[in-house]
Structure formats: structure tokens, C-alpha cells
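Here is a short briefing on how the helices and strands of this chain fit together. Have a look at the fold first, then read on.

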Amino acid sequence: MILKDEFALITGASLGIGREMAKELARRQINTLLVALDGPELKETEKFISEHYETRVDSLAADLTDPESAQRIYDWCKSNNYKVSILINNAGFGEGGAFEAIPLERYFKMIDLNNKAYIALIHLFLPEMKKRKHGHIMNTSSMEATLPLPYKAVYTGTKNFIYAYSLALNEEIRRFGVKISILCPGPVLTNEGGLKRIQSQGNKAKLILMMPDVVARVAIRNMLGGMLIINPGKMNWWVTKVAKLIPTRLKMRIMERIFRVYTKA
Ligand SMILES: NC(=O)c1ccc[n+]([C@@H]2O[C@H](COP(=O)([O-])OP(=O)(O)OC[C@H]3O[C@@H](n4cnc5c(N)ncnc54)[C@H](OP(=O)(O)O)[C@@H]3O)[C@@H](O)[C@H]2O)c1
């Protein structure tokens, strides 16, 4: 139960799945704090929420690959007396291609955003949630966390890290009333890069492709219900289950064949 004076903080809230999750929370009358890179989309999302829903909303531009950002976000919440009871770590990016074709700095940024920023924000916000004996943390991972993708090896690794980290941390904290959810979407139609990768897969990808608003609805409903692993979409759920039954070596050979096209996308 989220109280009237409490807030949900969502990273990557200016676009894609994050923006839709912020709207879904506001629709459920939960106050929202939006974090993303500086740009018109962040303010537009804030304006949309303040015009369409009777909740409080505020935003902060921050580059989460900057190691000081998490502390800045936390201090901003403190100075405004924003009580964060829901933390949604969602900002992230991935890139496809032959491993060595992508510059090392890009991989390091990916790890900074997809992993380090998640840990830093949880490290700051968790103690107060534990003290209040309630809270939700949702970490956006991916279907790729348990189904590794050749030609997106580092991204897959970051999502697998978040998956394992969240499972382990959940056991540490659930008796304090704080629950973790791991969101594992398959392909979602959001940004340009993703669209190109989805198109390179042809009709296969369309079978499991989802829209961000649908993913957001499923994610928020299940997070508030305390679900640990959220696999949006029936088809994605089945693919994940069936993949677990296939021997690893064979599965990875098949995956390599399917995703070799990423080297051309
Ligand atoms: N789309 C998919 O197919 C898919 C599938 C599985 C998992 N996921 C995961 O779902 C999450 C959201 O993906 P999406 O497709 O919705 O992404 P998206 O449409 O590209 O939006 C990314 C969001 O993150 C923000 N962001 C990017 N870099 C940032 C940084 N350095 N600091 C702060 N904010 C930053 C962006 O802000 P700006 O406004 O500045 O761009 C934007 O709000 C990611 O973790 C992604 O890995 C996506």
C-alpha cells in the first residue's frame, strides 16, 4: 500500500518503457519522480503527467553514468522531502554487433548505467525503506538475462548480473517488508536502435514483440502485487520456459545462428 505522501522514483522515465511506467503509476494515483538525461522528453513527460493525473510529479535531469549522480538524486529527494517507497531502476541501453566492433568505452558506459547506477541508487534508498518496513524495488533486466544473446554479449551480461543480484538481495531484505521485482521483457518497440535490431529478425521477432505501454501495465501491476520475476507476454513466458529445457550448448548454437544478423544491423 503506497501512501499519499510517498513517491515512486523511475529512472529512464523520459522515453520507452520508463515513461509508460511513470504514466501507469500516475494513473494509479501514485506520485512520481522522473529521472533521465537532460532533454525535452523529460519535461514533456512531466508536463503530460501533471496535466492528465491528479498526482504530484517532479523531474531531475541526471546522467546516471556519472558516479556522482545517484547521490545527487538522493540529496534532491531529501531536500524536497520526497519519501521514496518505490524505486524503479530502468534506464539502460544495449548495442548489438561483433564483440570487438564496439569500443571498450561504450561497454564500460553500459556497465555504469545498467549495473553500477542500479546498485548505487538501491544502496542509498534501501535503508529508509527497511526502516519504514515497506517498499518496492523493480530492476529492469531482460529476457536475455536467462537466454544469453551472442552479438550482444556485454549487454546480456549486464542484464544477467541484475537478475542474479536482485534474486540474492531480495532474500536479504524481504523480511524487512521491502520487495524486489525483476522485469524481464522480450523485444519492446521503443528506440531506433532496438527497432533496427527487431527488423533484422523479420517475422520471428514480431511473435514476441510488445508495446511499451503494455509492458508497463503488466510490470506495475505485478510489482505492486509483489511478484519477483515478471516476464511480460505469454509468448515470452513460454520461450523462457522452453529455452530452459534445451541443453545449453545446443541452445547457444541456435542463438548464434539467429542473432548473427546483428553484425549487419
Ligand atoms: N526495448 C527493448 O526491447 C528492451 C527489452 C528488454 C529490456 N529492455 C530494458 O528496458 C529498459 C528501458 O529500455 P527502453 O527500450 O524503454 O529504453 P529507451 O526508450 O531507449 O529509453 C531509455 C531511457 O533511459 C534514459 N537514459 C539513457 N541513458 C541515460 C543516462 N546515462 N542517464 C540517465 N538516463 C539515461 C533515457 O533518457 P533520454 O531521454 O535522455 O534518452 C530514456 O529515458 C532498459 O534497461 C533496457 O535495457 C528493453
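The points below cover the model, the sheet, the helices that lie across it, and one helix pair.

This is a predicted model, in which local features need pLDDT of at least 70, side-chain atom pairs count only at pLDDT 80 or more, and totals for chains, interfaces and linings use all residues. Residues are numbered from 1 along each chain as its sequence is written, and side-chain values use heavy atoms, with hydrogens and water left out.

**The sheet**
- Seven strands (DSSP runs of E, at least two residues; helices are runs of H or I, at least four, and both are numbered from the N terminus) make an open, parallel sheet in the order β3-β2-β1-β4-β5-β6-β7.
- Its edge strands, β3 (57-61) and β7 (229-230), each pair on one side only; pairing needs at least two DSSP bridges between two strands.
- β1 (residues 6-11) pairs with β4 (residues 83-89) in the parallel sense over five bridges, and Phe7 has Val84 as its bridge partner in β4.

**Helices across the sheet**
- α3 (residues 69-79) lies across β1, β2, β3 and β4, at about 150 degrees to β3 (angles run from 0 to 180 degrees between N-to-C directions, with axes fitted to C-alpha atoms, for helices over the stretch in contact).
- α8 (residues 212-224) lies across β4, β5, β6 and β7, at about 145 degrees to β5.

**The α4 and α5 pair**
- α4 (residues 104-132) and α5 (residues 153-173) pack at about 15 degrees, with axes 9 Å apart.
- These two helices are therefore roughly parallel (angles under 35 degrees).
- Residues in contact (heavy atoms within 4.5 Å) include Tyr107 and Leu126 in α4, and Phe161 and Leu169 in α5.

Conventions:
Parallel < 35°, antiparallel > 145°, perpendicular 65-115°, else oblique.
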